[in-house]
Structure formats: C-alpha cells, structure tokens
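Colleague: I'd like to learn how to read a fold from its strands and its buried residues. Could you walk me through one?

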Amino acid sequence: MTQTKKKSRQPKTEAKSKELLVQKIQAGTVIDHITAGYALAVMQILGITGREGDIISIAMNVQSKRMEKKDIIKVEGREITTEEINRIALIAPNATINIIRDYKIHEKTRISVPDKIIGIVRCQNPSCITNNERGIRSNFQVVDRTPVTLRCDYCKRITGHDNIIEQLLGQY
Ligand SMILES: [Zn+2]
C-alpha cells in the first residue's frame with residue numbers, strides 16, 4: 001500500500017515576520033520611523049557597533065503607514081539621551097523614540113527638527129568666523145527639513161544633507 005505524498009504548503013511567513021518586528025523588549029529604546037536606509041547611520045551616531053553585547057534588532061525598508069518605507073532599531077538595555085536624539089534628528093527627522101521600561105512604553109518622543117542648530121555641525125565655509133575664531137560656535141538656521149538643510153547664520157553658506165551626514169558619521 002502506497003501513500004501519495006501531499007506536499008503541505010507552508011503558511012505565509014508574512015504574518016510571522018510582522019510579529020517579529022513589533023516584538024516587545026524588556027527595557028531599552030525603540031527608534032521607529034527612521035528614514036528608510038538610514039538605520040546604520042543612526043547606529044553609528046549612537047556609537048553602537050554590536051560588540052557591546054546588547055541585543056539589537058534592525059529592520060530596514062519595512063512598510064509603514066506614515067511613510068512609504070522606514071527603518072527601525074531596537075536596543076535592549078540602553079536609553080538614548082537628548083543629545084543623541086538631537087543628532088538623530090538631523091538625519092532621520094521623522095523618527096520616533098520609544099523608551100521602554102518593563103515591556104511598556106515609558107516615554108514616547110516624536111523627533112522634531114528645531115529652527116536653529118547650534119554647535120553640532122561645522123560650517124562648510126573654511127573662512128567662516130565659526131571656523132576661525134575660538135569660542136564662536138556654529139549657528140545654523142534650518143532652511144529645509146526633508147532632508148535637513150542648514151544655512152550658516154554668520155556667512156549664509158548652505159550645508160546640505162550629505163555633508164551633515166558625512167560630518168556626523170566622521171565624528172565617530
Ligand atoms: Zn559660516
């Protein structure tokens with residue numbers, strides 16, 4: 001007696017992967033709505049190499065209701081600081097920061113790019129006073145938010161998004 005083998009079809013894994021993306025962490029930070037493709041840059045800004053031993057999940061180019069695509073980072077056991085949030089704002093202006101404690105959202109912050117950026121990046125003009133006089137911090141007007149574009153308050157030189165990223169990543 002022979003039995004014909006029926007190939008049972010695997011259920012779609014889509015639901016499962018969605019479940020994984022929203023899986024809760026016990027304590028730490030979830031950075032959501034990162035501009036698609038920029039999760040690794042955000043990791044670098046946070047100084048996360050993966051060798052610290054913390055559990056880290058990264059999802060890139062996932063579907064989003066609010067954005068077409070987005071990146072997500074979850075870092076267990078670490079709450080990111082306001083200073084770090086200010087840096088992230090320059091490369092992922094739509095991100096949301098969820099601080100998780102005891103599996104619950106303790107604090108939710110939607111990043112907003114301020115009107116002025118002081119001291120985080122350098123002016124691109126080598127003869128700008130902010131690059132030549134000690135004690136004068138860079139001071140920029142935000143002229144565009146998507147992507148972030150800055151104009152120096154002193155010499156009016158524009159610093160574009162690519163250059164901001166280059167500078168931020170170069171600092172680590
Ligand atoms: Zn300048």
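Modeller: Happily; we will go through a sheet, a buried residue, a hairpin and a core, keeping in mind that this model is predicted.

Colleague: Let's begin with the sheet. In what order do the strands of the open sheet lie?

Modeller: The general idea first: strands of a sheet pair through backbone hydrogen bonds, either parallel or antiparallel. Here, 4 strands make an open sheet in the order S6-S7-S8-S9, with antiparallel pairing. Strand S6 (116-118) and strand S9 (158-159) are the edge strands, each pairing on one side only.

Colleague: How many bridges join S8 to S9?

Modeller: Strand S8 (residues 148-152) is joined to S9 by 2 bridges, and the two run antiparallel. Look for arginine 151: its bridge partner in S9 is isoleucine 158. Helix H5 (residues 161-170) lies across S8 and S9, at about 90° to S8.

Colleague: Now a single residue. Is phenylalanine 140 buried or exposed?

Modeller: A count of surrounding C-beta atoms settles that. Phenylalanine 140 is buried because 26 other C-beta atoms lie within 10 Å, and the cut-off for buried is 20 or more. You will find phenylalanine 140 in strand S7 (residues 139-145).

Colleague: Which residues does phenylalanine 140 touch?

Modeller: Not counting residues up to four places away in sequence, phenylalanine 140 touches Lys116, Ile117, Leu150, Arg151, Cys152, Asp153 and Thr159. As for isoleucine 158, its C-alpha atom is 9.0 Å from that of phenylalanine 140, the two being 18 residues apart along the chain.

Colleague: And the hairpin: what should I look at in S4 and S5?

Modeller: Look at the turn, then the pairing. S4 and S5 form a hairpin with 2 residues between them, and aspartate 102 in the turn has a positive phi of about 50°. Strand S4 (residues 96-101) pairs with S5 in the antiparallel sense over 6 bridges, and isoleucine 100 stands opposite isoleucine 105 in S5. Strand S5 (residues 104-110) is hardly covered, with 0 buried residues among its 7.

Colleague: Finally, which residues of the largest nonpolar core touch the most other members?

Modeller: In soluble globular proteins, nonpolar side chains tend to be buried together. The largest nonpolar core here has 29 residues, of which Ile31, Ile34, Val42, Ile73, Ile88, Ile91 and Ala92 touch the most other members. Among the elements giving two or more residues to this core are strand S1 (28-35), helix H2 (39-45) and S8. Try valine 42 as a starting point: leaving aside neighbours within four places in sequence, valine 42 is in contact with Ile31, Ile34, Ile73, Ile88, Ile91 and Ala92.

Terms used
Residues are numbered from 1 along each chain as its sequence is written. This is a predicted model: local features need pLDDT of at least 70, side-chain atom pairs count only at pLDDT 80 or more; totals for chains, interfaces and linings use all residues. A residue is buried if 20 or more other C-beta atoms lie within 10 Å of its own, exposed if 12 or fewer, and partly exposed in between; C-beta atoms are placed from the backbone. Two residues are in contact if their C-beta atoms, placed from the backbone, lie within 7 Å. Two strands pair if DSSP finds at least two bridges between them. Axes are lines fitted to C-alpha atoms, for helices over the stretch in contact, and angles run from 0 to 180 degrees between N-to-C directions. A nonpolar core is a set of buried Ala, Val, Leu, Ile, Met, Phe, Trp, Tyr and Cys residues joined through C-beta atoms within 7 Å.
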